[in-house]
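Welcome! Here is a short briefing to help you find your way around a structure you have not met before. Take a look at it first, and then read on.

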Amino acid sequence: MNEQERAGRRLLPEVATGERKLEHVRLCLEENVAGEGITSGLEKYAFRHHPLPELDFEEVRLDTSFLGKTMRTPLLISSMTGGSKTTGAINERLARVANARGWALGVGSIRAAVEQPELASTFDVRRWAPDIPVIANLGAVQLNYGFSTADFQRAVEIAGADLLVLHLNTLQEVFQPEGNTNFSGLYQRIEKLCRELEVPVGVKEVGFGIDGVTAQRLYEAGVSFIDVAGAGGTSWVQVEKYRNNNPVRRAAAEAFADWGIPTAECIQDVRALNPDGALIGSGGLYTGVDAAKALALGADLAGFGRSLLESAVTSDEALSDRLEQVEFELRTVMFGIGAGSVASVKQTERLVERR
């Protein structure tokens, strides 16, 4: 067990098995839940250094906008957790620190709170994050399991969210002991929800990626943004492997350790077919250099998930330092390639494939 895993054991209390969200957090800290044999693809790219950037480092700006929302950074804390006392405390910390630093914030699936109103406070991040975009989150598959437009609107209200994202998690549901696996007919239901909901609706994967053609169909259905959530970070098949007592399913999970579309490929593919669609690049991002690459490949925002989790369960200071490091790394890349603004990063020709 490495130091990060030991830290996870120290920082999280023992809980009943049924608290799935806390189980997920624990497993992400304690076990090897990254995909094996697959990467984000971002490591295949590098920036060509600009020796004379004609910039003052102190004037390099991270401010941007996303779907009409002004932001201090082009960075997102991706949907992670909620639904229990401990995970609610993590969400509170994420919200406080994200607000202080100007990151957008996604919350974990709010299904539990829609079904059990007493859990709503664990997702109520708006009271801690009044100044940043907040993204509520529910599984798209719940449209096939009795959830109405009113239920999705309730999720938005619980989080005080500006946006809603529907997550697509087909393989996770297959390997999840209590999984919902009927994904038939969802396209038309998503289209209907986009027409009826009071806030913009996005779609994200959970670590296996979204290709350009699928994104194109979703934009045509009325989806306002795509979060590719590509392969290279957390594999939710591997997470659920540790929760599944079925020996066949546990063994089968190994065959899917390298499943998915790498994040870099997703971003390029989606942007090539959808030049004007709002786009988030996430999946296996760890540094501000990764964020810069995601932006240069075509993303509007760069999302970070599990790579922030250890800091998020430690303290406000640890999490703030972690976010500040990412921002500093991103600004340093921008200075190093002569890009004084986020728009300039997105237009740079200094990102090249490694030879």
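Is Asp300 buried or exposed? Asp300 is buried, because its relative accessible area is 13% and buried means under 20%. Please keep in mind that this is a predicted model. The points below start with the barrel and then turn to the salt bridges.

**The barrel**

- Eight strands form a closed barrel with parallel pairing, in the order E4-E5-E6-E7-E8-E9-E10-E11.
- From one strand to the next, the twist averages 25°.
- For a sample of the pairing, look at strand E5 (residues 104-106) and strand E6 (residues 134-139), which run in the parallel sense and share two bridges.
- Gly106 has Ile135 in E6 as its bridge partner.
- As general background, strands of a sheet pair through backbone hydrogen bonds, in either a parallel or an antiparallel way.
- Helix H12 (residues 288-297) lies across two of the strands, E4 (75-77) and E11 (301-304), and runs at about 140° to E11.

**Salt bridges across distant parts of the chain**

- The whole structure holds 15 salt bridges.
- In general, side chains of opposite charge can pair when their charged atoms come close.
- Lys346 and Asp300 meet through their side chains in a salt bridge, at 2.5 Å from N to O.
- This pair links distant parts of the chain, 46 residues apart: Lys346 belongs to helix H15 (residues 342-347), while Asp300 sits in the loop between H12 and E11.
- Unlike buried Asp300, Lys346 is partly exposed, with a relative accessible area of 34%.
- Another salt bridge joins the side chains of Arg243 and Glu178, at 3.0 Å from N to O.
- Here too the pair links distant parts of the chain, 65 residues apart: Arg243 is in the loop between helix H9 (236-241) and helix H10 (247-253), and Glu178 is in the loop between helix H6 (170-175) and helix H7 (186-196).
- Arg243 is buried at 12% relative accessible area, whereas Glu178 is partly exposed at 32%.

**A salt bridge within helix H3, and a network**

- Arg96 and Glu92 form a salt bridge in which the closest N and O atoms are 2.5 Å apart.
- Both residues lie in helix H3 (residues 85-101), four residues apart, or about one turn of the helix.
- Arg96 counts as partly exposed at 29% relative accessibility, and Glu92 is partly exposed as well, with a relative accessible area of 25%.
- Glu92, Arg93, Arg96 and Asp316 are joined into one network by salt bridges that share partners.

Notes:
Residues numbered from 1 in each chain as written. Predicted model: local features only at pLDDT ≥ 70, side-chain atom pairs only at ≥ 80, totals over all residues. Heavy atoms only, no water. Pairing = 2+ DSSP bridges. Axes fitted to C-alpha atoms, helices over the stretch in contact; angles between N-to-C directions. Contact = heavy atoms within 4.5 Å. Salt bridge = Lys/Arg side-chain N within 4 Å of Asp/Glu carboxyl O. Buried < 20%, exposed > 50% of the residue type's maximum accessible area, 1.4 Å probe, protein only.
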